[in-house]
Amino acid sequence: MKLSQILFTQGFGPRRECEGLIASGHVTLNGTPQNDPFFDVDPVGAVFTVRGAAWPYREKALILLNKPAGYECSQKPKHHPSVYSLLPPPLRRRDVQAVGRLDEDTTGLLLLTDDGTLIHKLTSPKHHVPKVYEIGCKHPVTEDQVQRLIKGVTLIDDPVTVRAAAAEALGEQADGLFGLRMTLTEGKYHQVKRMLAAVSNRVETLGRSRFGELTLPADLAPGQWRWLDGPQVLYPA
Ligand code: URA
């Protein structure tokens, strides 16, 4: 593939702009300056830098973001900045999309990708991909509430029954809230908050700690993102 074509597929702007970036000496390929836009490269495994920033070639982008509170998972946010504003321009230009949405006040593991097939697979209820939520509840979480969440609750504003694949009360936390860890395999609108309301409790803080086999890394600060090698990291080995 031509070097300028690679930059184009990776979101560095229109073809002409990519050619200009290379011709004006802003690009290195596998550590060596390369100013021929039409230089032939095998993109797989290639690492290039653009204006000094390293960029690995990815046919499809798959990104893990530690979502901070106060960001909306929307391209056109209404009241808060968009999670997309936390990503560099090439990823935004590639049109990566969030894999499902987290509420504005929810934190934690958010996947983003430009692979439409993968988004469908990960969000389709048919595939039952488990997602783990760490919840701070206003009231003590009783064993009865845990059992009702697992057996299935009817949502107050929607007569459907939804159940947790797993739920575990974690006791009182340092912030005075009552911890609950809950695993869901579907993703209805405000599902965690509505399930807790259905058992007469209330979500005060909510964070997602796991998606499939992938755990939010402890060293990824809120607002930071990193590349994932591919969808295989989400599935059991
Ligand atoms: N359930 C919710 O209520 N909110 C989220 O952000 C995710 C799951």
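**View 1. Helix α6 and the shell around the ligand in the predicted model.** Helix α6, residues 191-198, supplies three residues to the shell around the ligand, the largest share. The residues surrounding the ligand are Leu102, Asp103, Thr106, Tyr133, His190, Gln191, Val192, Lys193 and Leu206. Sorted by class, this shell holds four nonpolar, three polar and two charged residues.

**View 2. Backbone contacts to ligand oxygen.** A polar backbone atom of His190 is 3.2 Å from an oxygen atom of the ligand. For Gln191, the distance between a polar backbone atom and a ligand oxygen is 3.4 Å. Lys193 places a backbone N or O atom 3.1 Å from an oxygen atom of the ligand. The ligand taken alone exposes 230 Å², and the protein buries 95% of that area.

**View 3. The ligand in its pocket, between two domains.** The ligand takes up the space of the largest pocket. Domain 2 (62-125 + 214-228) gives residues to the shell around the ligand, and domain 3 (130-211) does too, so the ligand lies between these domains.

**View 4. His128 in the loop between α4 and β8.** The loop that holds His128 runs between α4, residues 116-123, and β8, residues 131-137. The phi angle of His128 is near 50°, a positive value in a residue other than glycine.

**View 5. Ser200 in the loop between α6 and β13.** Ser200 lies in the loop between α6 and β13, the latter being residues 203-211. Its phi is positive, at about 65°, although Ser200 is not a glycine. Helix α6 also appears in View 1, where three residues of the shell around the ligand come from this helix.

Note on methods. Residues numbered from 1 in each chain as written. Predicted model: local features only at pLDDT ≥ 70, side-chain atom pairs only at ≥ 80, totals over all residues. Heavy atoms only, no water. Near = heavy atom within 4 Å. Polar contact = N/O pair within 3.5 Å; in protein donor to acceptor, adjacent residues only side chain to side chain. Areas by Shrake-Rupley, 256 points an atom, 1.4 Å probe, with all protein chains shown as cover. 1 Å grid on protein atoms, 1.4 Å probe; cavity = no way out; pocket = protein on both sides within 12 Å on 5 of 7 lines; lining within 4 Å. Sits in = over half its atoms within 2 Å of the grid points. Helix = DSSP H or I, 4+ residues; strand = E, 2+ residues; numbered from the N terminus. Nonpolar A, V, L, I, M, F, W, Y, C, P; charged D, E, K, R; others polar. Domains from an automatic or database assignment.
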